[in-house]
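Student: Can you walk me through one helix here, then a few odd backbone angles?
Tutor: Sure, here is the model.
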Number of protein chains: 2
Amino acid sequence: MLTRDRANSTITTIAEIREFLGDRLSTAPSVREQHGKDQTWAPGAPPDAVAFVRNTLEVQKIVTICAMHQTPVIAYGTGTSLEGHITAPHGGITVDLSQMNAILSVNAADLDARVEAGVTRKTLNTYLRDQGLFFPIDPGADASLGGMAATRASGTNAVHYGTMRENVMGLTAVMANGEIIRTGTRAKKSSAGYDLTRLLVGSEGTLGIITEVGLKLYGIPEAMTAGVCAFPSVEAACNATIETIQLGIPVARIELVDEEHVKALNAYSKLDLKIAPTLFLEFHGTVAYAREQIEMFREIAASHGAGPLEWAEKEEDRQKLWQARHDAFWATRAIAPGKQDVFSTDVCVPISRLAECVIATQDDLRANNLFGPIIGHVGDGNFHVVLYCDPLDEAEVTRVKSFYERLIHRAIAMEGTCTGEHGVGSGKMKFLEAEHGKALDVMRQIKQALDPLNIMNPGKILAL
Amino acid sequence: MLTRDRANSTITTIAEIREFLGDRLSTAPSVREQHGKDQTWAPGAPPDAVAFVRNTLEVQKIVTICAMHQTPVIAYGTGTSLEGHITAPHGGITVDLSQMNAILSVNAADLDARVEAGVTRKTLNTYLRDQGLFFPIDPGADASLGGMAATRASGTNAVHYGTMRENVMGLTAVMANGEIIRTGTRAKKSSAGYDLTRLLVGSEGTLGIITEVGLKLYGIPEAMTAGVCAFPSVEAACNATIETIQLGIPVARIELVDEEHVKALNAYSKLDLKIAPTLFLEFHGTVAYAREQIEMFREIAASHGAGPLEWAEKEEDRQKLWQARHDAFWATRAIAPGKQDVFSTDVCVPISRLAECVIATQDDLRANNLFGPIIGHVGDGNFHVVLYCDPLDEAEVTRVKSFYERLIHRAIAMEGTCTGEHGVGSGKMKFLEAEHGKALDVMRQIKQALDPLNIMNPGKILAL
């Protein structure tokens, strides 16, 4: 009966939405499949229909109809999330925001912009380049800015520029009751009430659907110099990073790539890097200051036995270096034949514990005969393990799964978090209790207050 | 009847708290008076009793007892707030956290610390100095770090270091139901669920009582160079500031002091500054980079007709300069004889609108024959008006009050906020609707979910 009720209410929901969206509401199996699966190994779950919206009012109408029939609503940007954020385990309507792709305003004097949720970061940066401005948050994928806000994304630049938490100034969102709210102002700071912007950033569509994002921008620095530096050990690389940050050197990127990854990069990107734990770095500033930072870093690195230290001041060389770093995922995939299923997970710990955590993780991989190259936003204490297994090898799958659990509990035990930047989705729900304890009750109270019918991306972040 | 019920439940509350706090629960009129009044002109309202707590468990016990009897609970740090945050308009128990003054941990490698809520920022900085570390947020007063978190404080350094929003890593708080929660971890970033840290920062004790604060620290820069520079107009000073920030010069402080304030500072602090809109500046960095920043700023200032430009590289001179800036409040008070009642308010607008907003405000003051020196954290678009009036001059009081309303609505109309850093308290509640619109409903839903009995600092932020 319940199932038939649900089917009936879904049919009604779809009919009511179709009335105003017409053929921008799709129930085609291929469209539903594509929208029910992200880039994880987790099985997808297609929604009952996909609505391609063009403005906030359409989102409001959809949410209102869904609320009336208690139909789930799932927000979808580019589908590049990694923890099952956009699957529809309870069916429902996926709201695809990719056609909401207008850049609404750019204020160079205030270093801010407002965009519709479907604008991707690369689109924004292409648009900004002529004005000498950029938006620094770079999670690798060309994700939508609404999705990046919803998942509190960060990436390689976060060590200097912060994450979406620090770089979203305000939002427009449609809440579960159909109300459109606008959070934040264009003022740089405010003490005027609860920080709803920060509450929605990272809420993964479970409290409301973000339809517009106000962002901080930055002037493109005069100099951006990238480099690579091989270290005798993970510990030496981490300690050099700690000293760099303590000295206040405003390193813009500082990425740890482990031996396995270096091997893969050499093969895939035709580089000849030394096989060793390696830091990929970037310094921003005036020409003189970028050079000063490099010299300071060179001294620190040398004191930890590191080298050679190679710099790429030319834009072309810099791009090539970071392209290689960004290709890491594909590079490791290429050297793991027969292991078709990969997934990438992340944890984040205090930087003083990073070396210990990475080394314990490498030991764990070896002890369990697993292939899992490690790459880390080492300045933030954040690292990724790209895990490989043969999905048909049951024993290996079991070993991967238990390794994954240990990885996360190890990070939490070191006063860290189960995810630094990938988010919770459905994949990491079960770890939140260990990380947050009773604070999880407060999250539930908020969810229940703002979405009492549990229609907003149900089955994500919180088990209710 | 209601009153008698309330009186009875308060008597019971006090008796139950006294059982375990003994003489650390005071009902002495002088203690209650002192705890019911902050540094505003608004009339105070004393609580029924003041509890001097020593740990989180005591706070938990008090909140649990207050919940049982529906008695209000008000958190109190140093009483330096400016919008009636700590008054007790409905009576109740004030929880004075000043004896919770332990610095719990300092991690130099991770640049973080954890303190009890009653530790003041100066105490922390004195403690940190030997390790070459500091906590930058400086609201002027030597406020408690718990209070600074609760009010989302900022101040002169915010342009570079951010506000409490960016610098609180995590919190321990006692919620209205008596649950102790711990938000955040020691990891620099996380995507693991709702950002309860940011929800509690700025919630002014209306959602929970903060008992411990995790903070980001910074290495003391090699060079800190301060200076003053007179400008031909407010507009020129604002435009120079905009260019400075656009160029990515990481100015650590950039403060606008208007003519009235300069006159007052000259008299009070025995300076001989030119009577003109003036920027007080500070640059942090390596010696070479601080000099480079100064030279870059000097060029920008010159292009706006500014000068003379005077620098204080010596620590003694730098301290003297900022002492004068911090004495601004007392300085203006000294030149406004007969006007005993002062209050300081703040608004914040996008920096591109700042000159327009300050000039309109100065015109408004003149048109209404009011004395209100202006001082601004110009890099953030945030400014203060210190308003004077003779409390016995009814007409003047009326003019001040309507000026105040116009000031705030002007800021909101310019896409700004009714308060950049002072907070809402009881003073600015009525402006939140104009600023937040329907988002205010979401704040109310959260308040009702987390504090259904409305015992946590009632009558602040939200009218229920």
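Student: What should the 17 residues of helix H11 of chain B span?
Tutor: At 1.5 Å a residue, H11 (residues 287-303) should span 24 Å. Its end C-alpha atoms are 25 Å apart, which agrees. The expected span is 1.5 Å times one less than the number of residues. Helices (H or I, at least four residues) and strands (E, at least two) are DSSP runs, numbered from the N terminus.
Student: How was this model obtained, and how do I read the labels?
Tutor: It is predicted: local features need pLDDT of at least 70, side-chain atom pairs count only at pLDDT 80 or more, and totals for chains, interfaces and linings use all residues. Residues are numbered from 1 along each chain as its sequence is written, while chains are lettered from A and ligands numbered from 1 in the order in which they are written.
Student: Which residues of H11(B) are buried?
Tutor: B:Tyr289, B:Ala290, B:Glu292, B:Gln293, B:Phe297, B:Ile300 and B:Ala301. Buried means 20 or more other C-beta atoms within 10 Å of its own; exposed means 12 or fewer, and partly exposed is in between, with C-beta atoms placed from the backbone.
Student: New topic. Where is A:Glu204?
Tutor: In the loop between helix H8 (196-200) and strand S10 (208-216) of chain A. Its phi is near 55°, positive in a residue other than glycine.
Student: Is A:Glu204 buried or exposed?
Tutor: A:Glu204 is buried, with 29 other C-beta atoms within 10 Å.
Student: And what is phi of B:Asn454?
Tutor: Near 55°, also a positive value in a non-glycine residue. B:Asn454 lies after helix H17 (439-450) of chain B. B:Asn454 is partly exposed, with 17 other C-beta atoms within 10 Å.
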